[in-house]
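Subject: Structure handover

Hello,

Here is the structure for you to look over. My notes follow below it.

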Amino acid sequence: MRDPVEHAAVPGTEGNKRDWLDIRAGTVVDAHPVRETPPHTFRLTIDFGPHIGVRSSVVRVNHRYVPARLVGRQICAVINVPPRQVGSFRSEVLTLGMPDSNGEAVLIRPDGRVPDGGRLF
């Protein structure tokens, strides 16, 4: 049986398939609730190191996360996606998460500290 992800067509991609999604580690340097969105929606400012710089992301999480405790935490995000407008904010990267057993978001992060901008391989 063929892997459906391996053979999926991704618009605007060229070259090696593993380069389609550029997933990097970054450190949250600021986090604030977004007022005109559902509860537990935050605007994150994420530092991806000197080569990529600081980018913003809007994430919808749950009671597990509060803005003050997100600051300083490393996360993983796709950095080569088109920006999206979420309310009055521009989300420049796609912060990654997975559902727990209750279907609530758990943000993806490195198991240990890695350099900001480190690429998933």
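**Valine 71 and its surroundings**

Valine 71 lies in the loop that links helix 1 (67-70) to strand 4. Keep in mind that this is a predicted model. Is valine 71 buried, partly exposed or exposed? Its relative accessibility is 39%. Buried would require under 20% and exposed over 50%, so valine 71 counts as partly exposed.

Which residues does valine 71 touch, beyond those up to four places away in sequence? They are Val28, Val29, Asp30 and Ala31. Aspartate 30 sits 41 residues from valine 71 along the chain, yet their C-alpha atoms are separated by 5.6 Å.

**Overall layout**

The protein has one helix and nine strands. Along the sequence the pattern reads β-β-β-α-β-β-β-β-β-β. Take the contacts with a separation of 6 or more: 57% of them join residues 24 or more positions apart.

There are 121 residues, and 32% of them are buried. The exposed area is about 8100 Å². Carbon and sulfur atoms supply 55% of that area.

**The sheet**

Five strands form an open sheet. Their order is 3-2-1-4-7, and the pairing is antiparallel. Strand 3 (54-60) and strand 7 (94-95) are at the edges. Each has a single partner strand, so one side of each has no neighbour in the sheet.

Strand 4 and strand 7 run antiparallel and are joined by two bridges. Here valine 78 stands opposite leucine 94 of strand 7.

**The core**

In soluble globular proteins, nonpolar side chains tend to be buried together. In this model, the largest nonpolar core has 15 residues. Those with the most contacts inside the core are Val28, Phe42, Leu44, Ile46, Phe48, Leu70 and Ile75. Strand 1 (23-33), strand 2 (41-47) and strand 4 (74-78) each supply at least two core residues. Strand 2 gives the largest share, with three residues.

Two of these core residues tie back to the notes above. Val28 is also one of the residues that valine 71 touches. Phenylalanine 48 has a contact list of its own, leaving aside neighbours within four places in sequence:

- Arg24, Ala25 and Gly26 are among its contacts.
- Gly53 and Arg55 are also included.
- Ile75, Ala77 and Ile79 are on the list as well.
- Val93, Asp116 and Gly117 complete the list.

Ile75 thus appears both in that contact list and among the core residues named above.

Best wishes

Key:
Residues numbered from 1 in each chain as written. Predicted model: local features only at pLDDT ≥ 70, side-chain atom pairs only at ≥ 80, totals over all residues. Heavy atoms only, no water. Helix = DSSP H or I, 4+ residues; strand = E, 2+ residues; numbered from the N terminus. Buried < 20%, exposed > 50% of the residue type's maximum accessible area, 1.4 Å probe, protein only. Contact = heavy atoms within 4.5 Å. Areas by Shrake-Rupley, 256 points an atom, 1.4 Å probe, with all protein chains shown as cover. Core = buried A, V, L, I, M, F, W, Y, C linked by side-chain atoms within 4.5 Å. Pairing = 2+ DSSP bridges.
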